Amino acid sequence: MMKSDPYYQTKKHKAWRAKVLRRDNYQCQECKRYGILREGTIAHHVKPREDYPELQYDVANGRTLCAKHHNIEHPEKGTKALKSRR
């Protein structure tokens, strides 16, 4: 089983996530591009925090995505990837 990154449990990350989701009205921004209104529950870093740690709490570096579009952005984190590790 893959261990969860403790970063996602920090107060700072949770505050950043809440700001991104609120700003985007809890709607997947990728779906919205195609005229589809779908709930977004994931705050995605546009520029990866591993490569741009200085932007990890910058709300402008976040966008709300649904699980489908987040899995497209990060196939290594998706459901199929988790199942293949078992």
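Let's start with His44, which sits in strand 1. Keep in mind that this is a predicted model. Is His44 buried or exposed? His44 is buried, because its relative accessible area is 4%. Now look at its neighbours. Leave aside residues up to four places away in sequence, and His44 still touches Trp16, Asn61, Gly62, Arg63, Leu65, His70, Glu73 and His74. Hold on to Arg63 from that list. We will meet Arg63 again in a salt bridge.

Next, a short stop at Ala67. This residue is in helix 3, which covers residues 67–73. Ala67 is partly exposed, with a relative accessible area of 41%. Pick out its C-alpha atom, then the C-alpha atom of Ile42. The two atoms are separated by 6.9 Å. Along the chain, Ala67 and Ile42 are 25 residues apart.

Now the aromatic rings. How many aromatic pairs are there? The count is two. Take Tyr7 and Tyr8 to begin with. Their pair is edge-to-face, with 5.2 Å from centre to centre and 70° between the planes. Why edge-to-face? Because planes over 60 degrees apart get that label. Tyr7 is buried, at 8% relative accessible area. Tyr8 is partly exposed, at 30% relative accessibility.

Tyr7 has another partner, Tyr57. This pair is tilted. The centres are 6.1 Å apart, and the planes make an angle of 35°. Where do these two residues sit? Tyr7 is in the segment before helix 1, which runs 11–23. Tyr57 is in the loop between strand 1 (42–45) and strand 2 (62–65). So this pair ties together parts that are 50 residues apart in sequence. Tyr57 itself is partly exposed, at a relative accessible area of 30%. Put the pairs together, and Tyr7, Tyr8 and Tyr57 are linked into a cluster.

Rings can also have charged side chains over them. Which residue lies over the face of Tyr7? That is Arg49, at 3.7 Å from the ring centre. So that you can place that number, the cut-off for a charge over a ring is within 6 Å of the ring centre. A second case is Lys47, which lies over the face of Tyr52. The distance from the Tyr52 ring centre is 5.3 Å.

On to salt bridges. How many does the whole structure have? The search finds four. I will walk through some of them.

One of them joins Asp24 and Arg23. Their closest N and O atoms are 2.9 Å apart. Asp24 is buried, with a relative accessible area of 8%. Arg23 is partly exposed, at 42%.

Now find Glu30. Its side chain meets that of Arg33 in a salt bridge, at 2.6 Å from N to O. Both residues are in helix 2, residues 29–33. Because Glu30 and Arg33 are three residues apart there, about one helical turn separates them. Their surroundings can be compared through accessible area. Glu30 is buried, at 13% relative accessible area. Arg33 is exposed, at 58%.

Glu30 also forms a salt bridge with Arg63, with the closest N and O atoms 2.8 Å apart. Glu30 is in helix 2 and Arg63 is in strand 2, so this pair ties together parts that are 33 residues apart in sequence. Salt bridges with shared partners join Glu30, Arg33 and Arg63 into one network. And remember, Arg63 is among the residues that His44 touches.

Last topic, the cysteines. A disulfide is a covalent bond between the sulfur atoms of two cysteines. How many disulfides does this structure hold? The number is zero. Cys28 is in no disulfide, and its nearest cysteine sulfur belongs to Cys31, 3.7 Å away. Why is there no bond between Cys31 and Cys28? Because 3.7 Å between the sulfurs is too far for a bond. The cut-off is within 2.5 Å. Is Cys28 buried or exposed? Cys28 counts as buried, at 0% relative accessibility. Cys31 also counts as buried, at 2%.

Here is a quick recap. Tyr7, Tyr8 and Tyr57 are linked into a cluster by ring pairs. Glu30, Arg33 and Arg63 are joined into one network by salt bridges. The structure holds zero disulfides. That is my tour.

Methods: Residues are numbered from 1 along each chain as its sequence is written. This is a predicted model: local features need pLDDT of at least 70, side-chain atom pairs count only at pLDDT 80 or more; totals for chains, interfaces and linings use all residues. Side-chain values use heavy atoms; hydrogens and water are left out. Rings of Phe, Tyr and Trp (its six-membered ring) pair if their centres lie within 6.5 Å; planes under 30 degrees apart count as stacked, over 60 as edge-to-face and the rest as tilted. Buried means under 20% relative accessible area, exposed over 50%, partly exposed in between (1.4 Å probe, protein chains only). Helices (H or I, at least four residues) and strands (E, at least two) are DSSP runs, numbered from the N terminus. A charge sits over a ring if NZ of Lys or CZ of Arg is within 6 Å of the ring centre and within 35 degrees of the ring normal. Contact means heavy atoms within 4.5 Å.
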